[in-house]
Amino acid sequence: MTVLTPSASRPISRRRSAMSLAAPLILLTLLTLAAVPPIGSLAAQDGGPNANVAEADRLLLPPAWRDVPLRDDLPSPSSFGGFEFGSRLWQHHELVAYFRMLDERSERASWEPYATSHQRRPLGHLTITAAANRERLDEIRAAHRGLTDPERSSAIEIDRLPAIVVAGYGVHGDEPSASHAAAVVAWFLCAAQDSRIDSWLDELVLRVDPCLNPDGFERFSSWSNEYAGANPSDEPWHREHRQGWPGGRTNAYWFDLNRDWMPLVHPESRGRLSEFRAWRPVLTLDFHEMGTDSTYFFQPGEPKRSHPRSPLGTRELTARLAEFHAAALDRMGTRYFTEERFDDFYPGKGSTYPDLSGAVGILFEQSSARGVRQTGTRGTRTLRSTVRNQVATSFSSFEGSVALRTELLENLRRSYREADQAARVDPLAAYAFAAPKDGGRLDRFAELLARHDIVSRRLIEATEVERMDGSRSTLPAGTLIVDARQRESRLLRAIFDRPTDFEENAFYDVSAWSLPLAFDLDQTELAAMPSDDRLGEALEWERPGVADGPAIAYVVSWSPAEAPAELVRLARAGIQVHAASEAFVTEIDGETRRFEPGALAVFPESDLETGNVDDATLRQVLAASPVLRWEGVRSGITSEGIDFGSGSWLPVPAPRIAVLIGDGVDRYAAGAVRHRLDLELGTAATLIDVGDLAGAARESWTAIVVAGGSPSIDAAGIAALEGWIERGGTLVVLGDACGWGAARNWFGLMPAPTASGTASNPERRPYAEADDDRALERIAGAIVASEIDLTHPIGWGLADPHVPVFRDHALMLARSASAYATPGVYDSEAVLAGYVSPRQRERFADAASIVVASRGRGRIVAIAEQPVYRGFFHGSARLFDNAVLFGPLIENR
């Protein structure tokens with residue numbers, strides 16, 4: 001279309017009429033109205049077909065498929081939505097309604113919900129296959145599961161077995177081409193009347209998951225639709241393309257769901273994995289978007305960044321499937337790349353986890369319009385053009401799956417056979433795990449393993465075992481035993497691994513993830529499995545409730561994982577809780593018990609200073625504890641340590657915790673903190689925008705958390721925050737936000753490492769290696785060992801001073817000038833898992849992991865790592881809990 005504009009060289013006369021001045025605008029309006037039908041004009045009448053809409057949607061198909069006859073009674077996406085598909089974004093309810101319509105009208109398809117998001121939106125699969133396959137879906141599913149069992153997989157015939165393929169779209173909410181492509185793919189598979197599609201559906205059982213992240217998708221769709229308008233701007237500076245914090249990528253708690261396949265923190269991921277393990281697909285497709293100025297990517301990725309435990313056959317099939325994607329995009333003239341940038345290393349990603357579980361996982365990345373249309377350095381991207389590419393690689397995946405069907409099925413069988421054979425000759429027979437004084441944390445670990453089909457059992461009595469180093473020791477009853485030679489041996493070794501040496505030292509994601517370290521478990525590797533008669537099911541660690549009364553006090557240890565949530569529960573019930581600042585030994589029901597610092601006590605109203613309720617009412621509240629048992633103390637005198645009337649019992653203020661959000665704050669870190677407070681501890685997390693801090697800091701918060709990043713707070717906000725701290729507040733600063741805090745001179749950082757050579761004469765290096773050199777000095781994601789002072793409130797409740805913590809930056813805290821204000825340093829061998837360069841390793845020796853900086857009557861607790869990283873570092877989470885709950889108890893020393 002020719003665009004008519006006034007000549008730039010012709011001056012506009014002030015005497016020209018209003019009509020002549022408006023003429024160009026009128027012309028532009030008429031051209032626009034002619035080109036873009038008004039909203040609703042494309043809707044089919046009385047549910048019938050609309051040829052124009054079908055034609056518009058055909059253009060979203062690869063050219064070879066545009067002339068295929070289609071069923072008239074299945075509305076295309078445009079017809080269903082009432083506007084040209086891609087002229088604005090669908091909302092999540094529209095997407096789900098469309099898939100449910102296909103379920104109702106197509107005999108090929110069935111919609112099967114599998115989970116509900118945090119914000120109560122449904123997730124589901126549309127299973128699409130031939131009628132003959134639908135009649136034996138249970139048989140097909142059972143055969144796929146059987147292929148993962150080395151003891152019976154050889155008996156399963158695969159020559160005529162349809163292959164299960166899962167196509168997952170839109171795990172990141174602001175990558176709209178993925179979920180929109182899912183609608184086009186599902187429509188065509190249901191509506192196409194073509195022998196080639198019939199062949200696909202005979203050979204395959206296709207499970208289309210249209211939206212892996214409903215809450216993020218809805219958030220971004222609403223954002224885009226609010227700002228796009230009737231004539232969307234393609235300018236990168238347009239508000240539509242510059243999302244407000246936290247953006248639409250993440251789920252409701254600002255987590256990246258494409259990192260949650262292993263930790264399974266969220267209901268979306270738990271539901272998805274349950275389906276994966278029930279169906280055992282041979283291929284999973286994972287559709288994403290990347291920056292506007294890129295092209296299109298499909299795997300294989302960076303060759304040296306594949307997970308070392310991924311089967312060779314899986315990598316070969318990934319490369320063979322890539323030939324189908326390349327051919328499809330070549331026919332369309334779409335530029336693409338492979339074998340660079342993206343890795344396949346972290347096992348919690350949607351393309352890596354399947355590789356370790358017998359399937360082939362394929363990542364697709366489309367350069368994004370990040371809305372309806374956007375122009376970048378490589379031209380203009382539109383939602384429609386990006387959808388078209390995603391549809392093309394969906395179809396090429398199905399085509400490749402048919403061509404390689406038996407190879408994919410055999411790969412599933414071979415993957416488990418090879419893992420079984422390798423495990424049988426490996427001298428490692430089993431793992432033993434323990435969590436001293438915290439059975440609940442071990443229970444959660446066992447529950448997570450079970451979700452991955454990893455079997456664990458408990459020792460029912462103390463048992464002597466042989467360690468891998470040849471020594472013998474006795475493990476106590478309750479120790480969790482994991483057989484290293486079970487069916488999921490490949491996966492369990494991958495998620496237990498603690499690698500520190502790598503072929504490639506630059507990573508797209510983290511280089512460490514060990515689940516036992518994340519749970520801070522004692523781990524022992526065994527040369528032989530304990531005998532079966534020594535193993536049983538889970539043990540009941542503590543009988544919840546409360547001892548018989550009356551008592552002068554009721555106490556509970558601070559060590560169990562559930563203790564912080566119990567403190568919050570009582571505070572919300574109006575019960576004043578005290579914490580012991582020193583250890584004590586007392587008699588309970590005739591048994592001598594030792595309680596470490598942090599132990600909680602509540603006192604009936606006979607102690608008028610506590611303000612608590614009478615003994616009977618108090619016991620009723622305590623009895624409602626879902627997990628912990630409160631013990632009754634009959635005497636105020638202890639046999640050792642502080643008595644119950646001592647001033648060393650410190651009243652814990654009812655938590656009123658604020659979390660800073662907004663510009664500059666790391667959304668992932670803030671999301672992990674919010675999730676911990678809201679869902680794990682059960683306390684309200686008041687979210688305060690950085691722009692509101694000047695006013696909010698006048699309130700009496702017990703703690704304010706800066707979770708990560710570099711918050712954009714103006715001078716008035718900083719002054720208000722400092723005033724709040726000086727009046728007695730506790731500011732908790734986490735992770736790389738320590739750099740922001742150090743810039744305020746609240747505490748110090750160690751000097752950055754110097755480069756080779758001198759500042760005036762640096763060592764000469766190849767230009768092409770600059771990015772890699774910088775990457776080698778990054779700490780992109782490693783697990784390091786922090787050594788904690790257990791007498792400090794930050795360390796209360798820990799069974800061991802050595803705590804694995806997650807680090808994703810290279811800033812190092814300087815130790816405090818006060819001998820008592822550095823509650824965390826690093827072990828002599830600081831790096832437990834992941835890549836850290838030799839030069840960075842040296843810096844841990846003199847650095848602090850945690851410092852407390854006094855300011856007036858308040859304090860700043862700086863924790864260099866992320867103690868609640870991605871919601872599954874349950875061991876180090878206690879450091880965060882103590883900082884926000886016990887921070888007000890820290891004296892300035």
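Is Arg 594 buried, partly exposed or exposed? Arg 594 sits at 47% relative accessibility, so it lands in the partly exposed class. Keep in mind that this is a predicted model. Here's a quick tour of its salt bridges, which come to 47 in total, plus a look at one helix.

**Arg 594 and its partner**
- Arg 594 pairs up with Glu 640 in a salt bridge, at 3.4 Å from N to O.
- That contact ties together distant parts of the chain, with Arg 594 in strand β21 and Glu 640 in strand β24, 46 residues apart.
- Glu 640 is partly exposed too, with a relative accessible area of 44%.

**Two bridges with a buried end**
- Asp 215 and Arg 121 form a salt bridge at 2.9 Å, N to O.
- Asp 215 belongs to helix α9, while Arg 121 is in the loop between β1 and β2, 94 residues away along the chain.
- Asp 215 has just 1% relative accessibility, so it counts as buried, whereas Arg 121, at 21%, is partly exposed.
- Arg 458 and Asp 443 also make a salt bridge, and their closest N and O atoms are 2.3 Å apart.
- Here strand β11 supplies Arg 458 and helix α14 supplies Asp 443, with their positions 15 residues apart.
- Arg 458 is buried because its relative accessibility is 2%, while Asp 443 is partly exposed at 29%.

**A shared network**
- Glu 175, Arg 249, Asp 256 and Arg 259 are joined into one network by salt bridges that share partners.

**Helix α7**
- Helix α7 covers residues 176-191, and its 16 residues should span 22 Å at 1.5 Å a residue; the end C-alpha atoms are 23 Å apart, which agrees.
- As for burial, 16 of the 16 residues in α7 are buried.

Note on methods
Residues numbered from 1 in each chain as written. Predicted model: local features only at pLDDT ≥ 70, side-chain atom pairs only at ≥ 80, totals over all residues. Heavy atoms only, no water. Helix = DSSP H or I, 4+ residues; strand = E, 2+ residues; numbered from the N terminus. Expected span 1.5 Å × (residues − 1). Buried < 20%, exposed > 50% of the residue type's maximum accessible area, 1.4 Å probe, protein only. Salt bridge = Lys/Arg side-chain N within 4 Å of Asp/Glu carboxyl O.
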